[in-house]
Amino acid sequence: MKRTDYINWDEYFMGIALLTAMRSKDPSSQVGACIVSPENKILSLGYNGMPIGCDDDAMPWDREGEPLDTKYMYVCHAELNAILNSAHNNLKGARVYVTLFPCNECAKAIIQSGISEVVYYGDKYHDSDSSVAARFMFKKAGVRLTPYTPSGRRTELEL
Ligand SMILES: Nc1nc(=O)n([C@H]2C[C@H](O)[C@@H](COP(=O)(O)O)O2)cc1CO
Ligand SMILES: [Zn+2]
């Protein structure tokens, strides 16, 4: 008899997105993205971080202040990193598991890459212009938006 308490696909991919987010240096929001093929193969992963070559310790992580002194000018979002990290994979018909709903800029990249479904966990900026614009574009482009339903399963990893 096979065991029955194995994690399902959604738990698996969102779990990997959550683990990937733990690599983020951002003090306020750690975001992870996991892109998966229609055959449930992982195509790419990403988390929010500074561009390659931009020393994490030399870059600002502040949310407020002069625009040039905030992280927003520089940080590369989890979804964009995942798309860019997948340069040799075809993302047509893929779905992306994200721990936070995509912004309008990542929405553009998601649509252009051919990803057809976004499964999202958090949505804390639901009412921001960025989220409204993202939803508007996703709707026009026919990208399916699926809120992740937490299963309630808790797990602990000894790392
Ligand atoms: N979907 C997203 N993916 C992301 O990777 N991010 C990143 C950009 C920043 O590094 C951080 C948001 O910072 P804060 O405004 O919550 O302090 O998360 C943000 C969003 C939200 O749209
Ligand atoms: Zn984004």
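**Exercise 1. Which residues are buried in α3?**

*Solution.* The model is predicted: local features need pLDDT of at least 70, side-chain atom pairs count only at pLDDT 80 or more, and totals for chains, interfaces and linings use all residues. Residues are numbered from 1 along each chain as its sequence is written, chains are lettered from A and ligands numbered from 1 in the order in which they are written, and side-chain values use heavy atoms, with hydrogens and water left out.

Step 1. Fix the terms. Helices (H or I, at least four residues) and strands (E, at least two) are DSSP runs, numbered from the N terminus. Buried means under 20% relative accessible area, exposed over 50%, and partly exposed in between (1.4 Å probe, protein chains only).

Step 2. Apply them to α3. The buried residues there are C106, A107, A109, I110 and S113. Seen down the axis of α3, these residues fall within an arc of 165°, so they line one face of the helix. The arc is that of the directions from the helix axis to the C-beta atoms.

Step 3. Identify the packing partners. The buried residues of α3 pack against α2, β3, β4 and α4, where contact means heavy atoms within 4.5 Å.

Step 4. Look past the end of the helix. G114, just after α3, takes a positive phi of about 95°.

**Exercise 2. Determine which atoms coordinate the zinc ion (ligand 2), and where the donors lie along the chain.**

*Solution.* Step 1. Donors are N, O and S atoms within 2.8 Å of the metal (3.2 Å for Na, K and Ca); water is not among the atoms, so sites may look incomplete.

Step 2. The zinc ion (ligand 2) is coordinated by ND1 of H77 and by SG of C103 and of C106, at 2.0 to 2.3 Å.

Step 3. Along the chain, the donors follow the spacing H-x25-C-x2-C. H77 and C103 link distant parts of the chain, 26 residues apart: H77 is in the loop between β2 (42-47) and α2 (78-84), and C103 is in the loop between β3 (95-100) and α3.

Step 4. H77 is partly exposed, with a relative accessible area of 30%, whereas C103 is buried at 13%.

**Exercise 3. Describe the surroundings of E79, which UniProt lists for "active site" in an unreviewed entry.**

*Solution.* Step 1. UniProt positions are given in the numbering used here, feature names are shortened, and annotations may be inferred rather than shown by experiment.

Step 2. E79 is placed in helix α2. Its relative accessibility of 4% makes E79 buried.

Step 3. Not counting residues up to four places away in sequence, E79 touches A33, V98, L100, F101, P102, C103, C106 and I110. Among these, C103 and C106 also coordinate the zinc ion (ligand 2).

Step 4. N81 is found in α2 as well, and N81 is buried at 18%. Its contacts, with residues up to four places away in sequence not counted, are L45, G46, Y47, G49 and C76.

**Exercise 4. Characterise the two sides of helix α4 (residues 129-141).**

*Solution.* Step 1. The 13 residues of α4 reach 18 Å from the first C-alpha to the last, close to the 18 Å expected at 1.5 Å a residue. The expected span is 1.5 Å times one less than the number of residues.

Step 2. S131, A134 and F138 are the buried residues of α4. They cover an arc of only 60° around the axis, which puts them on the same side of α4.

Step 3. The face turned away from that buried side carries the exposed residues D129, F136, K139 and K140.

Step 4. The cover over the buried residues includes α3 (104-113), β4 (117-122) and β5 (144-147). After α4 comes G142, with a positive phi near 75°.

**Exercise 5. Which side chain makes a polar contact with the side chain of S29?**

*Solution.* Step 1. A polar contact is a pair of N or O atoms within 3.5 Å; within protein, one must be able to donate a hydrogen and the other to accept it, and residues adjacent in sequence count only if both atoms are side-chain atoms.

Step 2. S29 lies in the loop between α1 (9-21) and β1 (32-36), and S29 is buried at 12% relative accessibility.

Step 3. The partner is the side chain of K124, at 2.7 Å. Leaving aside neighbours within four places in sequence, S29 is in contact with S24, N48, K124 and Y125.
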